[in-house]
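Biologist: I should like to understand how the descriptive terms for a structure are justified. May I put some questions to you?

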Amino acid sequence: DRQLFLREALETPGRTAAVVTPDRLIARRVAAELRRFDIEIDDSGGMPLARTSIGVLARLVATIASDGAGAVNVAALLAHPLTALGLSRSRVEALAPAIEIGVLRAFGRPDGTWASRVAPARELARATHAHPAARRITDDEWLKIEDALARLDGAFAPFAVLESTASLSDRARAHRAALDVVIAGVEGLDEEGASNLFELLDRLAYAEAPPGFDAHNYAALFDRLLSETM
């Protein structure tokens, strides 16, 4: 009844108390119980990877590998603050609105690669009924859009070559390769969070799983591990 002892201590002026445990599940349960009494505690054990910026991005990469690079997923990827694609974050931020209005809205899901959709999207933008913002995209911007989307396509190429029967370890290696391309060039990466995430992916790269471990199984497992890993 750790939470009762903590509550009693907090109700006594001048007293302090702490729970020391290596078990993160116990720590979360104690914190949750105390919230019932409107008591928020300082959990110094860190946060799950799922709540870190790099964890959110890694989960999105796994989702795209599982559900496909549809327009909504690609827009979310471009909006993430750690997506740089070997360029720079400021460059991706500047291009993202034009990519969305010029390409993603024209093709909700590409037939092939996103880079291959740039030429037909450019033709659509020249039509009289095209969105005014799409019509204002310059020739130079179209070239930069194509380059950025080619980089994005390349990031997910490791997943594209996997067979449906690919192993857990193969999917983890593809995941790491894709994430490396997505964050290439970004500044301000949380070194501790990134280190923990890459360590998790490295462990998965040498893990074993029963046959039939498809992309959806991998995404579900990865999501669960992110929530349990600090």
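Biologist: What makes aspartate 202 count as buried, partly exposed or exposed?

Modeller: This is a predicted model, and the relative accessible area of aspartate 202 in it is 39%. Buried means under 20% and exposed means over 50%. Aspartate 202 is therefore partly exposed.

Biologist: How do you know that arginine 176 and aspartate 202 meet in a salt bridge?

Modeller: The separation of their side chains, N to O, is 3.4 Å. A salt bridge requires a side-chain nitrogen of Lys or Arg within 4 Å of a carboxyl oxygen of Asp or Glu, so the pair qualifies. Arginine 176 lies in helix α10 (residues 168-183) and aspartate 202 in helix α11 (residues 191-204), so the salt bridge ties together parts 26 residues apart in sequence. Arginine 176 has a relative accessibility of 24% and therefore counts as partly exposed. In addition, Arg176, Asp180 and Asp202 are linked in a network of salt bridges.

Biologist: Why can such side chains pair?

Modeller: Side chains of opposite charge can pair when their charged atoms come close.

Biologist: How many salt bridges does a search of the whole structure find?

Modeller: The search finds twelve salt bridges. One of them joins arginine 122 to aspartate 139, with the closest N and O atoms 2.6 Å apart. Arginine 122 belongs to helix α6 (residues 118-125) and aspartate 139 to helix α8 (residues 139-155), and the two are 17 residues apart. With a relative accessible area of 22%, arginine 122 is partly exposed.

Biologist: Why are helices α3 and α12 called roughly antiparallel?

Modeller: Helix α3 (residues 53-67) and helix α12 (residues 215-228) pack at an angle of about 165 degrees, and their axes are 8 Å apart. Angles over 145 degrees count as roughly antiparallel, and α3 and α12 are therefore described in that way. Their crossing is left-handed. On the α3 side the contact includes Gly55, Ala58 and Arg59, and on the α12 side it includes Tyr218, Phe222 and Asp223. By class, the contact has eight nonpolar, four polar and three charged residues.

Biologist: What makes the pair of aspartate 223 and arginine 59 a salt bridge?

Modeller: Their side chains meet at 2.6 Å, N to O. The limit is 4 Å, so the pair satisfies the criterion. Aspartate 223 is in helix α12 and arginine 59 in helix α3, and the pair links parts of the chain 164 residues apart. Aspartate 223 is partly exposed, its relative accessible area being 28%. Arginine 59 also counts as partly exposed, at 32%.

Biologist: Why is α3 called oblique to α10?

Modeller: The two helices pack at an angle of about 120 degrees, with their axes 10 Å apart. Roughly perpendicular covers 65 to 115 degrees, and roughly antiparallel begins over 145. An angle of about 120 degrees belongs to neither class, so α3 is oblique to α10. The crossing of α3 past α10 is right-handed. Among the residues in contact are Leu57 and Val61 of α3 and Leu179 and Val182 of α10. This contact has nine nonpolar, one polar and no charged residues.

Biologist: Finally, how many helices and strands are there in the protein chain?

Modeller: The protein chain has twelve helices and zero strands. Of its 230 residues, 40% count as buried.

Conventions
Residues numbered from 1 in each chain as written. Predicted model: local features only at pLDDT ≥ 70, side-chain atom pairs only at ≥ 80, totals over all residues. Heavy atoms only, no water. Axes fitted to C-alpha atoms, helices over the stretch in contact; angles between N-to-C directions. Helix = DSSP H or I, 4+ residues; strand = E, 2+ residues; numbered from the N terminus. Parallel < 35°, antiparallel > 145°, perpendicular 65-115°, else oblique. Left-handed = near helix turned anticlockwise from the far one by under 90°. Contact = heavy atoms within 4.5 Å. Nonpolar A, V, L, I, M, F, W, Y, C, P; charged D, E, K, R; others polar. Buried < 20%, exposed > 50% of the residue type's maximum accessible area, 1.4 Å probe, protein only.
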